[in-house]
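User: I would like to go through some of the terms used for this model. Please set each value against its definition.

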Amino acid sequence: MEHRNTQDRAQAGRPRRRSRFSPFMRQLLFYLLFMVPAVTDVAALWLGWAGAMSWQQTLHEFGRYAFRFLLASLLVSPLRRFFKLNFMVYRRPLGLLAFSYALLHVAIYVCGAARLDLMRIVHDFLTRPFLICGALALLCMMTLALTSTRTAIMQLGRKWTELHRLAYMAMVLVCLHYSLAFKTWRIEPLLYAAFALAVLATRLFKPGRGEQTGGDPTGAAHARGKSGGKAGGDKSSRA
Ligand code: HEM
């Protein structure tokens with residue numbers, strides 16, 4: 001890892017600034033900061049504060065945020081590879097933010113929009129196939145979140161890197177979910193999907209010789225300042 005850090009600094013062409021906070025602390029603060037709007041929106045909705053969004057608006061808003069965080073987490077590697085911008089430490093909190101907003105999105109659908117009516121939920125899933133894409137994406141994201149801990153990285157070794165390619169599948173499923181969510185074609189989901197596909201397409205470019213591959217897609221090893229077991233040194237990963 002020390003070797004990797006030295007490489008990072010050499011590539012950036014300048015010494016790395018020392019932060020007052022440890023990488024873990026920065027991840028935690030980053031996560032908490034971006035959870036503040038979620039907590040205030042849910043509180044406003046729950047307590048009926050003036051100016052609160054409706055269930056429907058909150059459902060849509062959280063869905064869009066989940067999408068954006070997932071996309072941002074997938075942007076971290078291309079930014080480092082092609083533009084030498086290293087936000088690796090924020091990849092894990094970005095993934096967890098995507099999952100947290102997606103969970104809230106679904107909770108609002110179940111409690112607010114469907115009013116805990118199981119028959120209505122079953123009916124919705126049978127008549128609106130985009131919901132199945134959303135549910136599968138959520139499953140992928142849950143797997144990623146549950147295996148983003150240090151222990152999971154150590155235990156899964158190389159398999160961890162392969163498992164975390166589920167993030168790409170989640171992105172494709174969410175693009176379908178978003179694009180098919182409306183009765184008419186809308187430009188916004190299609191623009192997002194085009195951008196997401198462009199980000200995923202960067203994976204097709206094989207890393208050049210000597211180029212960093214970044215075998216730890218969560219940025220957990222970067223955060224800890226060491227390789228984090230077998231997964232940390234996986235040269236086969238293009239993540
Ligand atoms: C079980 C899983 C899910 C369910 C039941 C669900 C449900 C819904 C519902 C009911 C809508 C509104 C459609 C309409 O108004 O007609 C929606 C929209 C949306 N969902 Fe989901 N969703 C799920 C998973 C996800 C996930 C995992 C993401 C993102 C990571 C996501 C992102 C979105 C987005 C971006 C929209 C469109 C928001 C807008 O711009 O209006 N959903 N979803």
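User: How close do the axes of α9 and helix α10 come, and at what angle do they cross?

Analyst: This is a predicted model. In it, the axes of α9 and helix α10 (residues 187-201) come within 9 Å and cross at roughly 165 degrees.

User: Why is α9 called roughly antiparallel to α10?

Analyst: Angles over 145 degrees count as roughly antiparallel. The crossing angle is roughly 165 degrees, and therefore α9 is roughly antiparallel to α10. The crossing itself is left-handed.

User: Which residues of α9 and α10 meet?

Analyst: From α9 come Tyr168, Met171, Cys175, Tyr178 and Ser179. In α10 they meet Pro189, Leu190, Tyr192, Ala193, Ala196 and Leu200. By class, this contact has 10 nonpolar residues, 1 polar residue and no charged ones.

User: What makes a residue count as near the ligand, and how many residues surround the ligand?

Analyst: The C-beta atom, placed from the backbone, has to lie within 6 Å of the ligand. The shell has 22 residues, and the closest are His60, Gly63, Ala66, Gly134 and Ala135. By class there are 16 nonpolar, 5 polar and 1 charged.

User: Which helix gives the most to the shell around the ligand?

Analyst: That is α3, with 7 residues. Helices supplying at least two residues each are α3 (55-83), α4 (91-113), α6 (130-146) and α9 (166-179).

User: What is the helix content of residues 65-83, a stretch in the UniProt feature "transmembrane region"?

Analyst: The span is 100% helix and 0% strand, and its end C-alpha atoms lie 25 Å apart. The "transmembrane region" label comes from an unreviewed UniProt entry.

Notes. Residues numbered from 1 in each chain as written. Predicted model: local features only at pLDDT ≥ 70, side-chain atom pairs only at ≥ 80, totals over all residues. UniProt positions renumbered as here; feature names shortened; annotations may be inferred. Helix = DSSP H or I, 4+ residues; strand = E, 2+ residues; numbered from the N terminus. Nonpolar A, V, L, I, M, F, W, Y, C, P; charged D, E, K, R; others polar. Axes fitted to C-alpha atoms, helices over the stretch in contact; angles between N-to-C directions. Parallel < 35°, antiparallel > 145°, perpendicular 65-115°, else oblique. Left-handed = near helix turned anticlockwise from the far one by under 90°. Contact = placed C-beta atoms within 7 Å.
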